[in-house]
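Here is a short briefing to keep beside the viewer. Have a look around first, then follow the points below by topic.

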Amino acid sequence: MIDDALFDGYARAIDANSDLLRAAVSSLESSLAGVSDRQLPQVLGALYASLVVEYGGYAAAIACEFYERQRAASGAKGSYAPTMEDGADQALLYYDAREAASSSVGLQSAIGKLQGTAVQRAMEQADATIIGNASRDPAHPLFALVPNAGACGFCTMLGSNGFVYHSRAKANASRHPNCRCRPVVDFDTENPALAGYDPDAMHGAYSDARAAVEDDARAEWDAMSEEERAKWKVDGKGAYDHYLRNRIAAEMSARQRTS
Ligand SMILES: [Zn+2]
């Protein structure tokens, strides 16, 4: 069981870090006045990367402290000193900037996209820190991604995975831009729990949404051209699975809005 007060303090700290990162990315707009269109992706990439490195480091430190405190509070056996994990490769951060610039009309829109990916990358560093420590710690705690109240369907889908061992955690922690789900560990592997987090209910919502869209999604997929289908290809996942997951997440978001 994760202590409520411990989790609340952690959630506030890591959310505040995301807010500060969004504000810092937003303020890049004024630094970029007068930069030519040709130079923009490189300059924007460098500024964006330095912010993600800085705030990703803070996210990892906050996650590391949570891990340490949660370990101490749970009375886990043996000693283990958690460490912080590195963040995304520079190449990925420059890729984010190029993508945002090339898919946007105007700097403001590009910056808006980078606010979302910056939070995603920083939170991924927090995930890696918690999952990495969970894999090395002889106490082998369980990992979960806990969505905030009112999270979108995609985040609810991540949350429905519940508490898992590190071997499955990495595959489950595939965030989208602006995802603020909090990575947690519980050393109570017999009965892992956090007040207000109900992965079974989330899984029920997922199953209902899946049943509602599955037939349509298959028919839509069959009607698509090869070119349209290719857009859904991502590393490590089948294109149709990716498409179906997006359809399910959209259905879950729509149901949450009307419930
Ligand atoms: Zn999320």
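## Pockets, core and cavity

The lining of the second largest pocket is made up of 10 nonpolar, three polar and four charged residues. Please keep in mind that this is a predicted model. The protein is divided into domain 1 (4–142) and domain 2 (199–258), and that division is a handy guide to the points that follow.

**The second largest pocket**

- This pocket holds about 230 Å³ of space.
- Its lining has 17 residues, and those nearest the centre are Val-146, Pro-147, Gly-196, Tyr-197 and Met-202.
- Helix H1 (4–26) and helix H8 (199–223) each give at least two residues to the lining.
- Where does the second largest pocket lie with respect to the two domains? Domain 1 and domain 2 both supply lining residues, so the pocket lies between them.

**The largest pocket**

- The largest pocket holds about 1100 Å³ of space.
- Of the 32 residues that line the largest pocket, Gln-120, Arg-121, Glu-124, Ser-174 and Arg-175 lie nearest its centre.
- Four helices each give two or more residues to this lining: H4 (90–102), H5 (107–136), H7 (166–172) and H10 (239–258).
- Which of these gives the most to the lining of the largest pocket? That is H5, with 10 residues.
- By class, the lining of the largest pocket has 12 nonpolar, eight polar and 12 charged residues.
- Domain 1 (4–142) and domain 2 (199–258) each contribute at least three residues to the lining of the largest pocket.

**The two domains**

- Taken over C-alpha atoms, the centres of domain 1 and domain 2 are 27 Å apart.
- Both domains also feed the largest nonpolar core, with at least three residues from each.

**The largest nonpolar core**

- In soluble globular proteins, nonpolar side chains tend to be buried together.
- Here the largest nonpolar core has 73 residues.
- Which members of this core touch the most other members? They are Phe-7, Tyr-10, Val-25, Phe-66, Ile-130, Val-184 and Ile-248.
- Helix H3 (residues 40–74) provides the largest share of the core, 12 residues.
- Val-25 is a good residue to click on: leaving aside residues up to four places away in sequence, Val-25 touches Leu-51, Ile-111, Leu-114, Gln-115 and Ala-118.

**The cavity**

- How many cavities of 30 Å³ or more are there? The count comes to one.
- The largest cavity has a volume of about 40 Å³.
- Its lining consists of Phe-143, Ala-144, Leu-145, Leu-158, Gly-159, Asn-161, Gly-162, Val-164, Asn-172 and Tyr-197.
- Strand S1 (142–146) and helix H6 (153–159) are the elements that give two or more residues to the lining of the largest cavity.
- S1 gives the most to this lining, with three residues.
- The lining of the largest cavity has six nonpolar and four polar residues, and no charged residues.
- Tyr-197 links two topics here, as it lines the largest cavity and is among the residues nearest the centre of the second largest pocket.

**Backbone points to check**

- Most residues other than glycine have a negative phi.
- His-140 has a positive phi, near 45°, and sits in the loop between H5 and S1.
- Is His-140 buried or partly exposed? His-140 counts as partly exposed because its relative accessibility is 37%.
- Asn-178 also has a positive phi, near 70°, and is found in the loop between H7 and strand S2 (182–186).
- With a relative accessibility of 34%, Asn-178 counts as partly exposed.

**Asp-222 and Tyr-240**

- Asp-222 has its place in helix H8, and H8 is one of the helices that supply at least two residues of the lining of the second largest pocket.
- The relative accessible area of Asp-222 is 48%, so this residue is partly exposed.
- Asp-222 and Tyr-240 are 18 residues apart along the chain, and 10.0 Å separates their C-alpha atoms.

Note on methods
Residues are numbered from 1 along each chain as its sequence is written. This is a predicted model: local features need pLDDT of at least 70, side-chain atom pairs count only at pLDDT 80 or more; totals for chains, interfaces and linings use all residues. Side-chain values use heavy atoms; hydrogens and water are left out. A nonpolar core is a set of buried Ala, Val, Leu, Ile, Met, Phe, Trp, Tyr and Cys residues joined through side-chain atoms within 4.5 Å. Buried means under 20% relative accessible area, exposed over 50%, partly exposed in between (1.4 Å probe, protein chains only). Domain bounds come from an automatic or database domain assignment. Contact means heavy atoms within 4.5 Å. On a 1 Å grid over the protein atoms alone, a cavity is a set of points where a 1.4 Å probe fits but cannot get out, and a pocket is an open set with protein on both sides within 12 Å along at least five of seven lines; lining residues have an atom within 4 Å of a point. Grid points are joined across faces, edges and corners, and a volume is the space filled by probe spheres set on the points. Ala, Val, Leu, Ile, Met, Phe, Trp, Tyr, Cys and Pro count as nonpolar, Asp, Glu, Lys and Arg as charged, and the others, Gly among them, as polar.
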